[in-house]
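Thanks for coming, everyone. Please put the structure up on your screens. I will walk you through it piece by piece.

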2 protein chains.
Amino acid sequence: MSEIAVGRGGGLPGKDAPVGARDRLVAAAVESFASKGFHGTSTRDIAAAAGMSPAALYVHYKSKEELLYLISRRGHERTLRLVRDCAAASDDPVERLLAVVRAFTADHARDHTRARIVNYELSALDPEHLREIAGIRRAIQQEMRGLVEVGVEAGVFHTSHPRMTALALLSLGIDVARWYRDEGEWAPEDIAEHYCELALRIVGAPR
Amino acid sequence: MSEIAVGRGGGLPGKDAPVGARDRLVAAAVESFASKGFHGTSTRDIAAAAGMSPAALYVHYKSKEELLYLISRRGHERTLRLVRDCAAASDDPVERLLAVVRAFTADHARDHTRARIVNYELSALDPEHLREIAGIRRAIQQEMRGLVEVGVEAGVFHTSHPRMTALALLSLGIDVARWYRDEGEWAPEDIAEHYCELALRIVGAPR
DNA sequence: CTTGTCGCTAAGCGCTCGCTTAGCGTTTTC
DNA sequence: GAAAACGCTAAGCGAGCGCTTAGCGACAAG
């Protein structure tokens, strides 16, 4: 009685505190996969955390792996969109790099739970699903590489190995999801700001 | 007949291509834990890869978790030793940083299999074992932090936030274990050399 | 030659896993 | 208002899990 229907995928009421059963299952899976890993999580764990019986999971999803795949795909698509939007927000190489690094870093801290699944549970995906996700990852890397290369060509960045430098920038942001703790002394925005400074140094932009 | 006894812990003949049963089990566990994760690996997987029956594992180790613990502890101790040795090799802050970053990075590429277990399977450890390992990790971080702080105090490094900068340096090296592929175009030494350049920029050392 | 130890295996125990089936009450459809 | 569809649960299936037990052959000590 207390929960009014919001539609099945229901994201209207804010996307936190999921109300529909489908969303509650995803939220429970995200939490569990992130802290115990895909193989360390049972379907009973997920169903219980969503307040349902073990069989309920299979009313909405066809397997545990499908849940992982959906979480992973949405997470990757979200990151690709974030990187592309930030890169498109300016014409100046420095401004673009800063926008991307700032958003990428803050996102990996704020959403470290989802980011851990995205980056560390790839091997648990079906081969076919992994191939699709690998494509999105390649696109993300390509965006970052383009960002660095354009800056180098414009004479604003200076690095002897643009591809590896771009990889290092992504790497730095991804690893935030591994070490970030909510109880830590740094807010996601603090880390993002410091990482902007590091990014400028890494690409060899004049101060 | 072809295998002569080498002693139980046997490391004399080169430490690659383990000959004793104990070592073969560890080698098989390392390979499997790294590619499928601790929970994705069964004791039967490990025993089969070591060419033995499932029960043989328990002749030498008391549980699957003990294997993980031994691998993780040795890996962490090895890294701490590596960092300390490199840091002690010189008095000049720049030289010390370069030695540590070079060795740390190359090691995480060359030994990415073990490094993946060390950095990504912590949550599968028993709480007591995890506490012990967390202590070693803290010591490693402290070494890196000291390295940066000494450089800043000497006026050779320039960074607004030494602690986060030290964390970023470690982070960069650790994440190499995630993305490094043996088939890739860069050798561990190439990556290490480029990361030395990045490290100097990150700490704000004059070129 | 006997006895004890060591490294190992065949068999299997109890349990949990991912997932299925049968069925129930509520809501929607015509 | 009957029938179909929906969201969910209780029960359970077959398989694989971590780990144990009983015992075997090779070798060493006395």
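I will start with the two protein chains, move to the DNA, and finish with a few single places.

One caution before anything else. This is a predicted model.

Let's take the symmetry. How many degrees of rotation superpose chain A on chain B? The rotation is 180 degrees, with 0.0 Å of shift along its axis and an RMSD of 0.0 Å. That is the relation of a two-fold axis. The same surface serves both copies, and 100% of the contact residues of chain A recur in chain B.

Now the interface itself. Here 25 residues of chain A are in contact with 25 residues of chain B. Look at the chain A side. The elements that give two or more residues to it are helix H1 (21–36), H8 and helix H9 (188–202) of chain A. Which of them gives the most? H8(A) does, with 8 residues. By class, the chain A side divides into 11 nonpolar, 10 polar and 4 charged residues.

Let's stay with H8. Helix H8 of chain A and helix H8 of chain B each cover residues 162–179. They pack at an angle of about 100 degrees, with their axes 8 Å apart. An angle of 65 to 115 degrees counts as roughly perpendicular, so H8(A) and H8(B) are roughly perpendicular to each other. Who meets whom? On H8(A), the residues in this contact include A:Leu167, A:Leu172 and A:Trp179. On H8(B), they include B:Leu167, B:Leu172 and B:Trp179. The residues of this contact divide into 10 nonpolar, 2 polar and 2 charged.

On to the DNA. Around strand C there are 15 residues. The ones that come nearest are A:Ser42, A:Ala55, B:Ala21, B:Ala55 and B:Ala56. The surface near strand C has 9 nonpolar, 4 polar and 2 charged residues.

Next, strand D. It is surrounded by 16 residues. The closest are A:Ala21, A:Ala55, A:Ala56, B:Ser42 and B:Ala55. The surface near DNA strand D divides into 9 nonpolar, 4 polar and 3 charged residues.

Now a helix in chain B. How many of the 9 residues of H6(B) are buried? The count is 7, and helix H6, residues 112–120, is mostly covered. Among the buried ones are B:Arg114, B:Arg116, B:Ile117 and B:Tyr120. What covers them? Part of the cover comes from helix H6 (112–120) of chain A. From chain B, the cover includes helices H1, H4, H5 and H8.

Two single residues to finish. First, B:Val203. Find it in the segment after helix H9 (188–202) of chain B. Is B:Val203 buried or exposed? It has 26 other C-beta atoms within 10 Å. The cut-off for buried is 20 or more, so B:Val203 is buried. Beyond its close sequence neighbours, B:Val203 is in contact with B:Leu97, B:Val148, B:Gly151, B:Phe157, B:Thr159 and B:Thr165.

Then B:His60, in helix H3 (residues 57–60) of chain B. B:His60 has 18 other C-beta atoms within 10 Å and is partly exposed. Setting aside residues up to four places away in sequence, B:His60 touches B:Ala21, B:Arg22 and B:Leu25. Compare its position with B:Val148. The two are 88 residues apart in sequence and 43 Å apart in space, C-alpha to C-alpha.

That's my tour.

Conventions
Residues numbered from 1 in each chain as written. Chains lettered and ligands numbered in written order. Predicted model: local features only at pLDDT ≥ 70, side-chain atom pairs only at ≥ 80, totals over all residues. Least-squares fit on C-alpha atoms with pLDDT ≥ 70 in both. Contact = placed C-beta atoms within 7 Å. Near = placed C-beta within 6 Å. Nonpolar A, V, L, I, M, F, W, Y, C, P; charged D, E, K, R; others polar. Axes fitted to C-alpha atoms, helices over the stretch in contact; angles between N-to-C directions. Helix = DSSP H or I, 4+ residues; strand = E, 2+ residues; numbered from the N terminus. Parallel < 35°, antiparallel > 145°, perpendicular 65-115°, else oblique. Buried ≥ 20, exposed ≤ 12 C-beta atoms within 10 Å, placed from the backbone.
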